Amino acid sequence: MTAIEVNSSIVIRRPSADDFSEIKEFVRKTCENTRNTYGEHDWNETPLEDGTYEEMMERFGAGNILLGFMDGVLSGIVVLTQKNSEKFRHVGNLTLSLLADDMIGTMGKELISRMILTCKGKGVIRKVNLRVREDLFKIQDIYKSLGFYEEGSLARDVCLNGMFYSTLLFGRSID
């Protein structure tokens, strides 16, 4: 996949080794404000600071990371992780990280759409799962508009500032 210009200010593309320092800085910023990371993956579980580009690509796999640039600045990353077990190879878990919540309707939607197209092209992943906190209604609406449906919940799964939230499980078949 080459760079895809969505409009005059948004470009979606796969990462290259030259992007690695910018990716690390982006992850550092989004870890400070976890509200802008939607999905199952926690960036804190992937210590990019001490890693290399090659290690990152080995962990996620080629084509399982897409970067979104707005006006030349890295503004979003979508990652699709999957288990190595043959039993679960057909399922991908999606995580979206954005610099700001207000990018979900533009950058976020486009990153997710492009990742779904990538999955369709590869033909291995046939179902995409994601997680979203119960109070993030706008994000839930975006996911539903992209064909995701609610499959269940994990009660009181997240505690932020002493308040508990449930996590909603969403899924989408892509075949």
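Here are some questions and answers about the predicted model shown above.

This is a predicted model, in which local features need pLDDT of at least 70 and side-chain atom pairs count only at pLDDT 80 or more, while totals for chains, interfaces and linings use all residues. Residues are numbered from 1 along each chain as its sequence is written, and side-chain values use heavy atoms, with hydrogens and water left out.

Q: In what order do the elements of the protein run from the N terminus on?
A: Helices (H or I, at least four residues) and strands (E, at least two) are DSSP runs, numbered from the N terminus. The protein has four helices and nine strands. Their order is β-β-α-β-α-β-β-β-α-β-α-β-β.

Q: Which element gives the most residues to the largest nonpolar core?
A: A nonpolar core is a set of buried Ala, Val, Leu, Ile, Met, Phe, Trp, Tyr and Cys residues joined through side-chain atoms within 4.5 Å. Buried means under 20% relative accessible area, exposed over 50%, and partly exposed in between (1.4 Å probe, protein chains only). The largest core has 29 residues, and those touching the most other members are Leu94, Leu111, Ile112, Val128, Tyr143 and Phe148. Elements giving two or more residues to this core include β6 (91–98), β7 (127–133) and α4 (137–145), but the top contributor, with seven residues, is α3.

Q: How far apart are the end C-alpha atoms of α3?
A: The expected span of a helix is 1.5 Å times one less than its number of residues. For the 19 residues of α3 that gives 27 Å, and the distance in the model agrees with it, at 25 Å.

Q: Which aromatic residue of strand β9 pairs with Tyr143 of helix α4?
A: Rings of Phe, Tyr and Trp (its six-membered ring) pair if their centres lie within 6.5 Å; planes under 30 degrees apart count as stacked, over 60 as edge-to-face and the rest as tilted. The pair with Tyr143 is tilted, at 6.2 Å centre to centre and 55 degrees between the planes. Because one partner lies in α4 and the other in β9, the pair ties together parts that are 27 residues apart in sequence. Tyr143 is buried at 0% relative accessible area, and also buried at 0% is its partner, Phe170.

Q: Where do the buried residues of α4 lie around its axis?
A: The buried residues here are Ile139, Gln140, Ile142 and Tyr143. An α-helix has 3.6 residues a turn, so residues three or four places apart point the same way. Taking the directions from the helix axis to the C-beta atoms, the buried residues cover an arc of only 160 degrees, so they lie on the same side of α4.

Q: Is Val124 buried or partly exposed?
A: Val124 is found in the loop between α3 and β7. Leaving aside neighbours within four places in sequence, Val124 is in contact (heavy atoms within 4.5 Å) with Gln82, Arg89, His90 and Cys119. With a relative accessible area of 33%, Val124 is partly exposed.

Q: Over the ring of which residue does the charged end of Arg156 sit?
A: A charge sits over a ring if NZ of Lys or CZ of Arg is within 6 Å of the ring centre and within 35 degrees of the ring normal. Arg133 lies over the face of Tyr165, at 4.8 Å from the ring centre. For Arg156 the distance is 3.9 Å, and the ring is that of Phe164.
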